[in-house]
Amino acid sequence: MPSKAVPEHDGKVLIVADEGVRPAEHMTPADVDKKVGDFYAGIGGEPFFWALATRFYELVSRDEVLLPLFPVHDWVRHAERLTAHYVQIYGNNDLTAAWDPRLHQAHSHMLITREQRLRWLALMKEAGASLGAPEPHFTEFLTIMKIASGEMMAVSRGAAIARGVRFHWDGTPR
């Protein structure tokens, strides 16, 4: 059996969105680390992610589309967890947080609809805009959030199927 070639870099490249998502085979691990470090510093680090998460959950707390997804309305705790998640991924350059089973489990008890995913993205964008989020970093961040929110929607739908829930293509229950 032929041996498999060792990739030049690890999965960190998945969080790099430079002018949209594009292949980064040309990047070395050091290039990726520098890009992620530059991104984290450029967007404002932990203080920015804390402000973003806090503002985002202020918007969610008044949003009739997303509010049903949050049975516990501890918005400070939600902001703390989301901030810690972003700091782990970007500040610590640790992509394993994206595949943490607890993250997937948190999204598996609900059925996320297309409308809710789009609203989540819209409120995240609104939260960033209200903070004057730095560009191009925030647009890069939103690109990654489009991918991540699609994954969380898929997790929620897979779990719903396993529970025997039937739903339409847009995630609304049948």
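This passage describes a helix pair, a buried alanine and a pocket in a predicted model.

Helix α1, spanning residues 29-43, packs against helix α3, spanning residues 75-91, at an angle of about 140°, and the two axes lie 9 Å apart. Because angles over 145 degrees are required for a roughly antiparallel assignment, the arrangement of α1 and α3 is classed as oblique. On the α1 side the contact is formed by Val-36, Phe-39 and Tyr-40, which meet Val-87, Ile-89, Tyr-90 and Gly-91 of α3. By class, this contact of α1 with α3 comprises six nonpolar residues and one polar residue, with no charged residues.

A further set of contacts is centred on Ala-53, a residue of helix α2 (residues 45-60). Ala-53 has a relative accessible area of 0% and is therefore buried, the cut-off for this class being under 20%. When neighbours within four places in sequence are left aside, Ala-53 is in contact with Ala-79, Leu-82 and Thr-83. Of these, Ala-79 is separated from Ala-53 by 26 residues in sequence, yet the C-alpha atoms of the two residues are 4.9 Å apart in space.

The second largest pocket has a volume of about 190 Å³, and its lining is made up of Leu-121, Ala-122, Lys-125, Glu-135, Phe-138, Thr-139, Leu-142, Thr-143 and Lys-146. Two elements, α5 (114-130) and α6 (137-162), each give two or more residues to this lining, and α6 gives the most, with five residues. In terms of residue class, four nonpolar, two polar and three charged residues line the second largest pocket.

Notes
Residues are numbered from 1 along each chain as its sequence is written. This is a predicted model: local features need pLDDT of at least 70, side-chain atom pairs count only at pLDDT 80 or more; totals for chains, interfaces and linings use all residues. Side-chain values use heavy atoms; hydrogens and water are left out. On a 1 Å grid over the protein atoms alone, a cavity is a set of points where a 1.4 Å probe fits but cannot get out, and a pocket is an open set with protein on both sides within 12 Å along at least five of seven lines; lining residues have an atom within 4 Å of a point. Grid points are joined across faces, edges and corners, and a volume is the space filled by probe spheres set on the points. Helices (H or I, at least four residues) and strands (E, at least two) are DSSP runs, numbered from the N terminus. Ala, Val, Leu, Ile, Met, Phe, Trp, Tyr, Cys and Pro count as nonpolar, Asp, Glu, Lys and Arg as charged, and the others, Gly among them, as polar. Buried means under 20% relative accessible area, exposed over 50%, partly exposed in between (1.4 Å probe, protein chains only). Contact means heavy atoms within 4.5 Å. Axes are lines fitted to C-alpha atoms, for helices over the stretch in contact, and angles run from 0 to 180 degrees between N-to-C directions. Angles under 35 degrees count as roughly parallel, over 145 as roughly antiparallel, 65 to 115 as roughly perpendicular and the rest as oblique.
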